[in-house]
Each structure stands twice: as structure tokens, then as C-alpha cells.
Amino acid sequence: MNSLLKIRRPIGSFYLQRFSSLLTYASNEKRHEASSLENPNFIHSSAIVHPNALIGQGVSIGPFCTVGSSARLGNGCQLYPGSHIFGNTELGERCVLMTGAVVGDDLPGLTVLGNNNIIGHHAVVGVKCQDMKYKPGDECFLDIGDNNEIREHASIHRSSKPSDRTIIGNNNLIMGSCHIAHDCKIGNNNIFANNTLLAGHVIAEDYTHTAGAIVVHQFCHIGSFSFIGGGSVVSQDVPKYAMVAGERAELRGLNLEGLRRHGFTATEVGSYFLSDGNIR
């Protein structure tokens with residue numbers, strides 16, 4: 001009798017564990033169903049969404065939108081009427097496409113947007129570059145980070161070759177009608193005012209600020225915390241912390257106001273000057 005009791009105890013324990021795991025599974029399923037009900041998708045009847053597209057939870061797709069077969073939309077994305085996603089394109093969570101925005105292209109390669117990006121009215125992001133060296137059929141890439149606001153009529157192009165990529169970091173404000181060409185590398189926390197035009201392969205580090213209607217020649221390097229005055233044509237590298245301006249942009253001194261706004265002390269600012277008054 002004792003031996004039978006010894007056998008039954010582990011068998012009872014096994015069934016209790018099995019029953020407990022079933023309860024946990026059922027509870028998780030209910031939570032998942034509740035979550036789906038709390039965050040339902042809305043797809044307007046006039047939108048064209050390919051059945052192979054991967055759509056997260058809580059996604060809203062308005063009238064006359066297009067979502068291609070290779071598109072992937074994260075949770076909480078919103079597509080306003082007449083916006084479109086083409087090609088191999090990934091959107092992170094809570095991205096917003098305003099009316100007329102186009103993201104991605106039916107080309108080999110990939111366009112990736114991180115979380116919380118806003119693509120403005122009629123902006124065009126992740127399409128073929130305008131470099132004559134681009135070979136049809138080559139893969140081309142665009143990577144955009146998180147929390148960027150790309151305003152109306154801006155254009156951002158993919159890379160010109162498979163070995164490179166156009167990169168936009170985090171927390172950038174790219175105002176209306178700006179252009180960022182193939183293979184540019186943009187860091188974090190930059191502000192590009194309206195009609196800032198960056199040619200191919202330009203590098204802009206962090207916390208740079210441009211005024212309106214400026215042009216930057218290809219392969220130029222814009223240093224962190226620098227400022228470019230309105231209407232400037234930049235054909236050379238811009239040093240860190242500097243302010244440049246002019247029809248052919250010239251050094252005008254330190255970007256004192258920008259440095260102050262970002263918490264640089266007077267001692268730190270003074271350390272950038274040599275004893276003869278020139279900038280280090």
C-alpha cells in the first residue's frame with residue numbers, strides 16, 4: 001500500500017503541473033485576444049493592401065493607400081489618405097505617413113524606418129538615386145532611425161551601390177523641400193531648414209543646424225554643432241562648432257548661440273580659441 005502511494009504522488013504532481021500549464025496557456029491566449037480587440041486594425045475599403053504584406057496591431061490605413069507585397073508595418077502605424085508603401089520596406093512602430101507620402105521603391109535592396117517617424121505630405125523617401133553610376137538591378141539601401149520628422153515635399157534617396165547605404169540617425173528635423181541624396185550619412189539631432197540640399201556622400205554629424213536654401217557639395221563633411229547660414233553654398237568641409245555663411249561659404253566664427261543652447265560653458269567655448277584669437 002505504501003509503495004502504491006509513493007507511485008501515485010508523482011503521477012498526481014505531473015497532472016497538476018500539466019493542468020497548471022494549460023491554465024497559463026489559456027490565460028495568455030485570452031490576453032492576446034483582448035490585446036487584438038483593444039488595438040484593432042482599420043483598413044479602408046478603397047485601400048490596396050497586398051495579402052502578403054505584414055501588418056502589426058492597431059494599424060490604420062486610410063482611403064486610396066497602397067501597401068505592397070514585401071511591406072512590413074509595425075504596431076500603431078498610420079497611413080493617411082493617398083499615401084503609399086512600395087517594395088521591400090520596413091516601418092517600425094507608430095510611424096505616420098501623411099497624405100501623398102511615398103516610402104520605398106520596387107527595386108532590389110531595402111528601405112528601413114525605425115519607430116515614431118513622421119513622413120510629411122508628398123514626401124518621397126527610399127526611392128532610386130539620381131546618380132548616373134547606379135546600375136539597374138543593383139541592391140540599394142536606406143536606413144532611418146527613430147523619432148525623425150521629415151516634412152512635406154522632402155526627398156531622401158537610397159544608396160547608389162550595394163556596398164553602401166544612405167543613413168539617417170535619430171531625432172532629426174528635416175523641413176519642407178529638403179533633399180538628401182544617395183549615400184549621405186546623417187547623425188542625430190540635426191535641424192535642416194527648408195530647401196537644404198545635400199548632394200551625394202555628404203556626412204553631417206550630430207546637432208548640426210542649417211538655415212534655409214543652402215546647398216552642400218558632394219563628399220563634404222559637416223561637423224557637429226556647426227551652423228550654416230541661409231543661402232550658403234558649401235563646397236568644403238565645415239569644422240565642428242563653427243558658423244559658416246556666404247555664396248561660397250566662409251568661416252564666420254564659432255556657433256556661439258548653438259553652443260550656448262546645448263549647454264556649453266564659457267570656459268569650454270573659450271578653449272576652442274588659440275591665443276591669437278583663431279579657432280583651434
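In this predicted model, Met243 sits across from Gly253 of strand 31. That match-up belongs to the antiparallel pairing of strand 30 with strand 31 (residues 250-254), which runs over four bridges. The two strands make a hairpin, with four residues between them. Gly246, in the turn, shows a positive phi of about 130°.

Strand 30 (residues 242-245) is two-faced: Ala242 and Val244 are on the covered face, while Met243 and Ala245 are on the uncovered one. Strand 30 has another link as well, since two bridges tie it to strand 28 (residues 227-228), this time in parallel. There, Ile228 is the residue opposite Val244. Val244, then, belongs to the covered face, and Met243, opposite Gly253, to the uncovered one.

On to the sheets. One is an open sheet of ten strands, paired in parallel and ordered 2-5-8-11-14-17-20-23-26-29. Its edges are strand 2 (48-49) and strand 29 (233-234); each has a single partner strand, so one side of each goes without a neighbour in the sheet. Within this sheet, strand 8 (residues 84-85) lines up with strand 11 (residues 102-103) in the parallel sense, over two bridges. His84 faces Val102 of strand 11 in that pairing.

An open sheet of nine strands also turns up, again with parallel pairing, in the order 3-6-9-12-15-18-21-24-27. Here strand 3 (54-55) and strand 27 (221-222) take the edges, and because each has a single partner strand, one side of each is left with no neighbour in the sheet. Strand 9 and strand 12 (residues 109-113) are joined in parallel over three bridges, with Glu90 opposite Val112 of strand 12.

Two loops carry backbone angles worth a look. Phe64, in the loop between strand 4 (60-61) and strand 5 (66-67), has a positive phi of about 60° despite not being a glycine. Phe64 counts as exposed, because its relative accessibility of 59% is over the 50% cut-off. Arg94 is also a residue other than glycine with a positive phi, near 60°, and it lies in the loop between strand 9 (89-91) and strand 10 (96-97). Its relative accessibility is 41%, so Arg94 counts as partly exposed.

As for packing, nonpolar side chains in soluble globular proteins tend to be buried together. The largest nonpolar core in this model holds 43 residues, and Ile119 and Ile180 have the most contacts inside it. Apart from neighbours within four places in sequence, Ile180 touches Ser155, Ile156, His157, Ile168, Ile174, Ile186, Phe192 and Leu198. A second core, separate from that one, is made of six residues, including Leu254, Leu259, Phe264 and Val269.

Finally, the largest pocket encloses about 190 Å³ of space. Its lining counts 13 residues, with His209, Asn255, Gly258, Arg261 and His262 nearest the centre. Helix 2 (residues 256-261) is the top contributor to that lining, supplying four residues. By character, the lining of the largest pocket splits into five nonpolar, six polar and two charged residues.

Conventions
Residues are numbered from 1 along each chain as its sequence is written. This is a predicted model: local features need pLDDT of at least 70, side-chain atom pairs count only at pLDDT 80 or more; totals for chains, interfaces and linings use all residues. Side-chain values use heavy atoms; hydrogens and water are left out. A nonpolar core is a set of buried Ala, Val, Leu, Ile, Met, Phe, Trp, Tyr and Cys residues joined through side-chain atoms within 4.5 Å. Buried means under 20% relative accessible area, exposed over 50%, partly exposed in between (1.4 Å probe, protein chains only). Contact means heavy atoms within 4.5 Å. Two strands pair if DSSP finds at least two bridges between them. On a 1 Å grid over the protein atoms alone, a cavity is a set of points where a 1.4 Å probe fits but cannot get out, and a pocket is an open set with protein on both sides within 12 Å along at least five of seven lines; lining residues have an atom within 4 Å of a point. Grid points are joined across faces, edges and corners, and a volume is the space filled by probe spheres set on the points. Ala, Val, Leu, Ile, Met, Phe, Trp, Tyr, Cys and Pro count as nonpolar, Asp, Glu, Lys and Arg as charged, and the others, Gly among them, as polar.
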